[in-house]
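Colleague: I should like to go through this model with you, beginning with the ligand site. Please give the criteria behind each term as it arises.

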Amino acid sequence: MNATTPKSVFLGMTGASGAAYGLRLLAALAACGCDVTLCVSDSGLLVVREELELVVEGREATVAALLARAGAPAAVRVVDPADIGAPAASGSAAPDAAVVCPCTMSSAAHIALGTSRNLIHRVADVALKERRPLVVVPRETPLSVVHLRRLLELAEAGAIVLPAMPGFYVRPTSVDDLVDHIAGKVLQALGFEQHLFRPWDGGVR
Ligand SMILES: Cc1cc2nc3c(=O)[nH]c(=O)nc-3n(C[C@H](O)[C@H](O)[C@H](O)COP(=O)(O)O)c2cc1C
């Protein structure tokens, strides 16, 4: 970590497809040695269970299984999306940076419009107002004009909109490679050095 790298990162995982992106990011952030706070939305729990094939029930068991899969059970602080009074919700105690990965169009809209309905929206809202880095990783296809407008508003408000669109120039040979590309791009956007994918080197000439 250097002077500009965030020492604390809030990771919100919402109910968009792409739980694997959030999982990879969680593991990578914990490995970076920064202070990670994890918040999974109610719909996020459902998608996490479905896509990561976690055979568990309830919030606590799902988050525990997610942390175990990330190999980072002890290093991560877990907060409930309903806990709007958590320290991360306050400008004076907010983390250095926030990421919503994956981000639903519903959460993107709430953040863009400032209509916070849970802790994930509120932390993102605080990051924007405090001019701290906010990375939003939307996942939806196709995108409606409504979606595109909200994403534009987020970018105009200062968020980095980093869609879950893995590049194929990294010559992926597995789903893991695709997931690593997006997680690596998020780490870069936050200012971390990343070793999850090899940067473009000019290709075959
Ligand atoms: C299996 C599954 C996959 C979903 N995938 C997406 C998606 O890729 N993008 C999206 O915007 N919403 C998706 N949704 C819908 C959201 O989960 C839903 O709009 C939810 O209310 C969003 O709440 P949240 O933003 O608080 O997580 C999906 C739902 C399910 C059950």
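Colleague: How many residues surround the ligand?

Modeller: This is a predicted model, in which local features need pLDDT of at least 70 and side-chain atom pairs count only at pLDDT 80 or more, whereas totals for chains, interfaces and linings use all residues. Residues are numbered from 1 along each chain as its sequence is written, and side-chain values use heavy atoms, with hydrogens and water left out. A residue is near the ligand if one of its heavy atoms lies within 4 Å of it. The closest are Gly15, Ser41, Thr104, Ser107 and Arg139, and the number of residues surrounding the ligand is 13.

Colleague: Which helix supplies the largest share of the shell around the ligand?

Modeller: Helices (H or I, at least four residues) and strands (E, at least two) are DSSP runs, numbered from the N terminus. Helix 2 (42-51) and helix 4 (105-113) each give at least two residues to the shell. The largest share, three residues, comes from helix 2.

Colleague: How do the residues of that shell divide by class?

Modeller: Ala, Val, Leu, Ile, Met, Phe, Trp, Tyr, Cys and Pro count as nonpolar, Asp, Glu, Lys and Arg as charged, and the others, Gly among them, as polar. On that scheme the shell around the ligand divides into four nonpolar, seven polar and two charged residues.

Colleague: What is the distance from the ligand oxygen to the N or O atom in the side chain of Thr104?

Modeller: A polar contact is a pair of N or O atoms within 3.5 Å. A polar backbone atom of Ser17 is 3.0 Å from an oxygen atom of the ligand, and a polar side-chain atom of Ser43 lies 3.3 Å from a ligand oxygen. For the side chain of Thr104, the distance is 2.5 Å.

Colleague: What percentage of the ligand's accessible area does the protein cover?

Modeller: Accessible areas come from the Shrake-Rupley method with a 1.4 Å probe. On its own the ligand has 640 Å² of accessible area, and the share covered by the protein is 65%.

Colleague: In what order do the strands of the sheet run?

Modeller: Two strands pair if DSSP finds at least two bridges between them. Strand 5 (residues 134-138) and strand 6 pair in the parallel sense over two bridges, and Val136 stands opposite Val161 in strand 6. The open sheet has six strands with parallel pairing, in the order 3-2-1-4-5-6.

Colleague: Which strands are the edge strands?

Modeller: An edge strand here pairs on one side only. That applies to strand 3 (76-78) and strand 6 (160-161).

Colleague: Where does the proline of the cis peptide bond from Thr141 lie?

Modeller: One cis bond runs from Cys101 to Pro102, with omega near -5°, and Pro102 lies in strand 4 (residues 97-103). Another cis bond joins Thr141 and Pro142, with omega about -10°. Pro142 lies in the loop between strand 5 and helix 6 (145-157).

Conventions. A polar contact is a pair of N or O atoms within 3.5 Å; within protein, one must be able to donate a hydrogen and the other to accept it, and residues adjacent in sequence count only if both atoms are side-chain atoms.
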